[in-house]
Amino acid sequence: MGNAEQNSECQELQLWNNGKQCEEVLAAFNIDIAFITVNALSYEHGLTDFRVHEVGVIKTILSRTKYKVVVADSSKFETSSYINICSLKDIDLIVTDNSIPSHIAEKYNNHNIRVLFQSEGTR
């Protein structure tokens with residue numbers, strides 16, 4: 001195995017261990033509100049991400065939080081990544097910019113998924 005590969009694997013292992021330690025610490029918290037970001041979100045798959053070392057941290061935060069807010073720009077909507085985090089039904093509010101197509105906003109609204117648009121209020 002090359003030196004660059006070994007360094008990469010060591011960095012991934014360190015990130016994984018740091019994520020696990022973070023999960024353990026966060027599991028003791030009672031969180032009133034959390035603002036989180038993810039790589040992708042869709043009605044079909046919910047919140048998804050590709051960052052293996054961060055998914056557990058996000059799940060732990062969500063499990064300990066009363067009011068869950070996702071902040072995502074419109075390019076994240078109706079896309080999916082590799083790892084499932086949770087359903088959109090588990091999220092209280094999504095905050096985004098004004099560039100989301102109206103048919104997507106309507107779809108979310110019809111399924112009681114609250115979306116707040118930048119400087120506009122809830123659509």
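Q: Which residues make the nonpolar surface patch of about 290 Å²?
A: Let's start on the outside of this predicted model. One member of the patch, F35, lies in strand β1, which covers residues 31–36. F35 has 58% relative accessibility, and exposed means over 50%, so F35 counts as exposed. The patch of about 290 Å² is made by I33, F35 and V71.

Q: Is L26 buried or exposed?
A: First, find L26 in helix α1, residues 3–26. Leaving aside residues up to four places away in sequence, L26 touches V57, T60, I61 and R64. Its relative accessible area is 16%, and the cut-off for buried is under 20%, so L26 is buried.

Q: What distance separates the C-alpha atoms of L26 and V57?
A: Along the chain, these two residues are 31 residues apart. In the fold, L26 touches V57. Their C-alpha atoms are separated by 7.9 Å.

Q: Which strands are the edge strands of the open sheet of 3 strands?
A: Follow the order of the sheet, which is β2-β3-β5 with antiparallel pairing. An edge strand pairs on one side only. That description fits β2 (40–42) and β5 (83–86).

Q: Which residue in β5 is the bridge partner of T48?
A: Strand β3 spans residues 46–49 and runs antiparallel to β5. The two strands are joined by 3 bridges. In β5, the bridge partner of T48 is N84.

Q: At about what angle does helix α2 run to β5?
A: Helix α2 is made of residues 52–63. You can find this helix lying across β3 and β5. Its angle to β5 is about 10°.

Q: Which residue forms a salt bridge with D32?
A: D32 lies in strand β1, and its partner lies in strand β4 (residues 65–71), so the pair ties together parts that are 34 residues apart in sequence. Both residues of the pair are exposed. The closest N and O atoms are 3.5 Å apart, and the partner is K66.

Q: Which residues are joined into one network by salt bridges that share partners?
A: Take R51 and E54, whose side chains meet in a salt bridge at 3.1 Å, N to O. R51 counts as partly exposed because its relative accessibility is 22%, and E54 counts as partly exposed at 29%. Through shared partners, the network joins D49, R51 and E54.

Conventions:
Residues are numbered from 1 along each chain as its sequence is written. This is a predicted model: local features need pLDDT of at least 70, side-chain atom pairs count only at pLDDT 80 or more; totals for chains, interfaces and linings use all residues. Side-chain values use heavy atoms; hydrogens and water are left out. Patches are made of residues with over 30% relative accessible area and no salt bridge: like charges are joined within 9 Å, nonpolar side chains (Val, Leu, Ile, Met, Phe, Trp, Tyr) within 5 Å. Accessible areas come from the Shrake-Rupley method with a 1.4 Å probe; for residues, only the protein chains shown count as cover. A salt bridge is a side-chain nitrogen of Lys or Arg within 4 Å of a carboxyl oxygen of Asp or Glu. Helices (H or I, at least four residues) and strands (E, at least two) are DSSP runs, numbered from the N terminus. Buried means under 20% relative accessible area, exposed over 50%, partly exposed in between (1.4 Å probe, protein chains only). Two strands pair if DSSP finds at least two bridges between them. Contact means heavy atoms within 4.5 Å. Axes are lines fitted to C-alpha atoms, for helices over the stretch in contact, and angles run from 0 to 180 degrees between N-to-C directions.
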